[in-house]
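Hi there,

Here is the structure I promised to hand over to you. Have a look at it first, and then read on for what was found in it.

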Amino acid sequence: MRKPWNLPELPVYSLATSNEGVVNMNICTYVTAVSMEPKIMMVAVYEQTKTLENILTADTAVLQILHKDQASLVRTLGKKSGITYNKYLYLKKKDMLSEWKNFTVLKDACAYMELEKISFLKTGDHTSYFFKVKNAVSRRQEVLTTQDLRNLAIIS
C-alpha cells in the first residue's frame with residue numbers, strides 16, 4: 001500500500017524559469033491553488049536545483065500542465081539536474097519548444113499559467129513559492145498524472 005500522500009492522482013506540471021535568458025524546466029507535482037480571487041498558486045521547488053536558483057532572482061515564471069503524450073519528458077526534466085545538464089538545448093534539438101506571451105514553453109502542453117512571484121516559505125527539502133496568476137490558457141485535455149507515471153514505471 002502506498003503512503004497516504006501518494007494515494008491521490010496528481011497532475012504533473014513543469015515550471016519554466018529563466019536566468020539571463022537561459023530557460024530551465026523542471027517537473028513538479030507539489031502544486032495547488034491557494035486562492036480563488038486573486039488566483040494564487042503554490043509551487044514547491046526542490047532544494048539545490050537550477051529552478052530554485054532561477055526563481056530566487058526572477059519575478060516571473062510559467063507553470064505548464066503536461067499532456068499524457070509528454071510523459072517521456074519526466075526522465076529529462078525531472079530526473080536530470082539543470083545545474084549539470086542543459087535541458088533547453090535538449091528540448092530545442094527535439095523541437096519541443098514554442099513561445100507563449102514572450103515566454104519559452106513546451107509545445108502541446110495542456111495549459112500555461114504566467115506567474116508573478118509574491119512570496120516564499122522554506123519548507124523542509126522544498127521551498128514553497130506563492131505566485132499570482134497573471135495570464136492563463138487551456139489548450140488540451142488529457143492531463144498527465146502521477147498515476148500515468150506509475151503505470152509507465154517512471155515513478156514508483
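A search of the whole structure turns up zero disulfides, a disulfide being a pair of cysteine sulfur atoms within 2.5 Å. Why is Cys28 not bonded to Cys110? The sulfur of Cys28 is 14 Å from its closest cysteine sulfur, the one in Cys110, and that is too far for a bond. Cys28 is buried, with a relative accessible area of 4%, and Cys110 is buried too, at 2%. Here buried means under 20% relative accessible area, exposed means over 50%, and partly exposed lies in between (1.4 Å probe, protein chains only).

Before you go further, please keep in mind that this is a predicted model: local features need pLDDT of at least 70 and side-chain atom pairs count only at pLDDT 80 or more, while totals for chains, interfaces and linings use all residues. Residues are numbered from 1 along each chain as its sequence is written, and side-chain values use heavy atoms, with hydrogens and water left out.

Now the overall picture. The protein chain has four helices and nine strands; these are DSSP runs numbered from the N terminus, with at least four residues for a helix (H or I) and at least two for a strand (E). Along the sequence they follow the pattern β-β-β-β-α-β-α-α-β-β-β-β-α. Of the 156 residues, 44% count as buried. The C-alpha atoms fill a box of roughly 40 × 35 × 30 Å, taken along the principal axes.

Two residues deserve a visit. Glu114 sits in strand E8 (residues 111–123). What is the nearest side chain of opposite charge to Glu114? It is Lys134, 5.9 Å away, and Glu114 is buried yet has no salt bridge. Lys and Arg count as positive and Asp and Glu as negative, with His and the chain ends not counted; a salt bridge needs a side-chain nitrogen of Lys or Arg within 4 Å of a carboxyl oxygen of Asp or Glu. The side chain of Glu114 does make a polar contact with that of Asn135, at 2.4 Å. A polar contact is a pair of N or O atoms within 3.5 Å; within protein, one must be able to donate a hydrogen and the other to accept it, and residues adjacent in sequence count only if both atoms are side-chain atoms.

Ser128 belongs to strand E9 (residues 126–138) and is buried, with a relative accessible area of 9%. Its side chain joins that of Thr123 in a polar contact of 3.1 Å.

Enjoy exploring!
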